[in-house]
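User: Please take a close look at one part of this structure, and then place that part in its wider setting. Short sentences are fine.

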Amino acid sequence: MSSLQPLNAQETADASEAEKAQRRLAAIIESSEDAIASKDLNGIITSWNKSAERLFGYTAEEIIGQPVTVIIPPELHGDEPKILGKIRSGERIEHFQTVRVHKNGQRINVSLTVSPIKDAKGTIVGAAKIVRDITRQKKLEEAALRLAAIVESSDDAIASKDLNGFVTSWNRSAEKLFGYKAEEIIGKHITLIIPPELHHDEDMILSKIRRGEKIHHFETIRLHKNGERVEVSLTISPIKDDDGHVIGAAKIVRNITETNKIERALRVTEKLAAAGRMAATVAHEINNPLEAVTNLVYLAKRDLSSNDRVAGYLELASRELDRVAHITRQTLGFYRDTSSPVRFNVAEMLDDLLLLYEKRFESRGIKLQKQYGNDLEITALAGEIRQAFSNVITNAIDAMPEGGTLALRATKSLDWSNSQHHGVRITFLDTGTGIEVKHRKNIFQPFFTTKIDVGTGLGLWITRGILEKHRGSIRMKSRTGHGHGTAFSIFLPTEYEAGGLYASPAQIQRNKLVSAGDAA
């Protein structure tokens, strides 16, 4: 007859350590962020930690003893025998990405690591699996793939660079626009496509990006691989890491060379159209003094015997010729675009323009009212400002075919959008037919006109462009019906800060960049 032998001290100590190790392992499993479960070789769940409860919605009491197919989508049930087959052969399955099902039916993207469980004799008796939720990772990957597809198929050049200005990505449209293949330019400095005189722009761009600022629609020049200059519009945004730190910049580059050519052509078209309209006005204006000169010369020839009388005729003729010369100078000044700014008095320019239209005012029965303030001098491109004023005046004349009143007011003022911006405000108020509500939102659009027979639809668009170029603005108010009429209010700054609109081309580019960044 046999009896159980008591454990000796060593065996007791070993058993105690094994229990401690088991408790530590159980604690680690229970506190793990990953779902950890086990199953036997028939696929029946035998253990289930807290993270598994959170991930799948089943408590341990609900799921232990159930087949693992409870959390596997029906169309993937065929995977389970394959997994068990590998486990039985002692293989370990690492980072197997698949789909599992939550208790509420929601599908979860997971990564599985499955290992064989062996008993004390080394026999495989089951499998332990670690399940990691990769739903967010999958979504990020899918978003990244979609974004990559969008970037690659974009008609705009899209590129990125690090905070030192080295190119890190380059799409196909960038290859077409600049001539460099991705493998040629990635890793090179972005100044490779920037003209030498504009290299300083890059420091300004990077400083704004480091501050987390975005730059919108910055118009500048870039270089093609063959040396050709390309007019572009840039939109540049900071790239941030998961912690919100700026690590680089993404830029969208649009080729605006052809757009700018078209715009310049439209401006020339409007100038030519304005020249045609002005020609008739000037012809009327100089016809009267020329007729007077002709008559005075005839009288002078007839009365050659009377020196005093001839001298009087010639004096009057000289005055009339001075008037013709003045009109001619003003007309030439209207069309001759100066390449640099000049200082001039706004009131005097307005009076000179009104003189050109004097006969049209008389023939239409249009009365003038003028109210000018003092010291209305500004610095600007005089020819362009004359064109802007003239476009508004001719619109007012056309709006009053049966006569009326044109009131002009010029005063010192502040810009409505910037109380620190000093300048001159000029208001043109006519008592014409007014502009219908449906047309008001379109009046500054190119080719929009309600004057089918005499309008090109470019005048107000050109005018706004001129004023914006001078950092000015134009606003319109109009009424139809009783008390009808239209008012245009133009603001022009008195001075420009150092290195303003009329600086060197390189300085102009810097100011555009600063303005673009400020607007952002």
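Analyst: Contact here means heavy atoms within 4.5 Å. In the protein chain, look at contacts with a separation of 6 or more: 58% of them join residues 24 or more positions apart. The model is predicted, with residues numbered from 1 along each chain as its sequence is written, local features needing pLDDT of at least 70, side-chain atom pairs needing 80 or more, and totals for chains, interfaces and linings using all residues. Side-chain values rest on heavy atoms, without hydrogens and water.

First, the overall make-up. The protein chain has 16 helices and 17 strands. These are DSSP runs numbered from the N terminus: helices are H or I with at least four residues, strands are E with at least two. Of the 520 residues, 40% count as buried, that is, under 20% relative accessible area (over 50% is exposed, in between is partly exposed; 1.4 Å probe, protein chains only).

Now the part for the close look. It is an open sheet of five strands, in the order β7-β6-β10-β9-β8. The pairing is antiparallel; strands pair if DSSP finds at least two bridges between them. At the edges lie β7 (167-170) and β8 (215-223), each paired on one side only. From one strand to the next, the twist averages 30 degrees. Angles run from 0 to 180 degrees between N-to-C directions, and axes are lines fitted to C-alpha atoms, for helices over the stretch in contact.

A helix packs on this sheet. Helix α8 (residues 199-210) touches β6, β8, β9 and β10. The direction of α8 makes about 155 degrees with that of β8.

Go to β10 (residues 246-255) next. Strand β6 (residues 157-162) runs antiparallel to β10, and six bridges join the two. One partner pair here is Asp162 with Gly248 of β10. Strand β9 (residues 229-240) also pairs with β10 in the antiparallel sense, over nine bridges. There, Ile239 stands opposite Gly248. So Gly248 is worth finding on the display: Asp162 is its bridge partner, and Ile239 stands opposite it as well.

Strands β9 and β10 form a hairpin with five residues between them. In that hairpin, Gly244 takes a positive phi near 85 degrees.

Stay in β9 and find Thr235, which belongs to that strand. Thr235 has a relative accessible area of 15%, so it counts as buried. What does Thr235 touch, leaving aside neighbours within four places in sequence? The list begins with Lys214, Ile215, His216 and His217. Ala250, Lys251 and Ile252 complete it.

Next, another sheet to set beside this one. Five strands form an open sheet in the order β2-β1-β5-β4-β3, again with antiparallel pairing. Its edge strands are β2 (45-48) and β3 (93-101), and each pairs on one side only. The twist from one strand to the next averages 30 degrees here too. Strand β1 (residues 35-40) meets strand β5 (residues 124-133) over six bridges, in the antiparallel sense. One of the partner pairs is Ser38 with Ala128 of β5. Helix α4 (residues 79-88) lies across β1, β3, β4 (107-118) and β5. It runs at about 155 degrees to β3.

Most residues other than glycine have a negative phi. His95 in β3 has a positive phi instead, near 50 degrees. His95 is exposed, with a relative accessible area of 58%. Asp375 also has a positive phi, of about 55 degrees. Asp375 sits in the loop between β12 (366-372) and β13 (377-380). It is exposed too, at 53% relative accessible area.

Last, some helices. Eight of the eleven residues of helix α11 (residues 346-356) are buried, so the rest of the structure largely encloses this helix. Val346, Ala347, Met349 and Leu350 are among them, and so are Leu353, Leu354, Leu355 and Leu356.

Helices α13 (residues 382-398) and α15 (residues 459-469) pack at an angle of about 145 degrees. Their axes are 9 Å apart. From α13, the contact uses Glu384, Ile385, Gln387, Ala388, Asn391, Val392 and Asn395. From α15 come Gly459, Leu460, Ile462, Thr463, Ile466 and Lys469.
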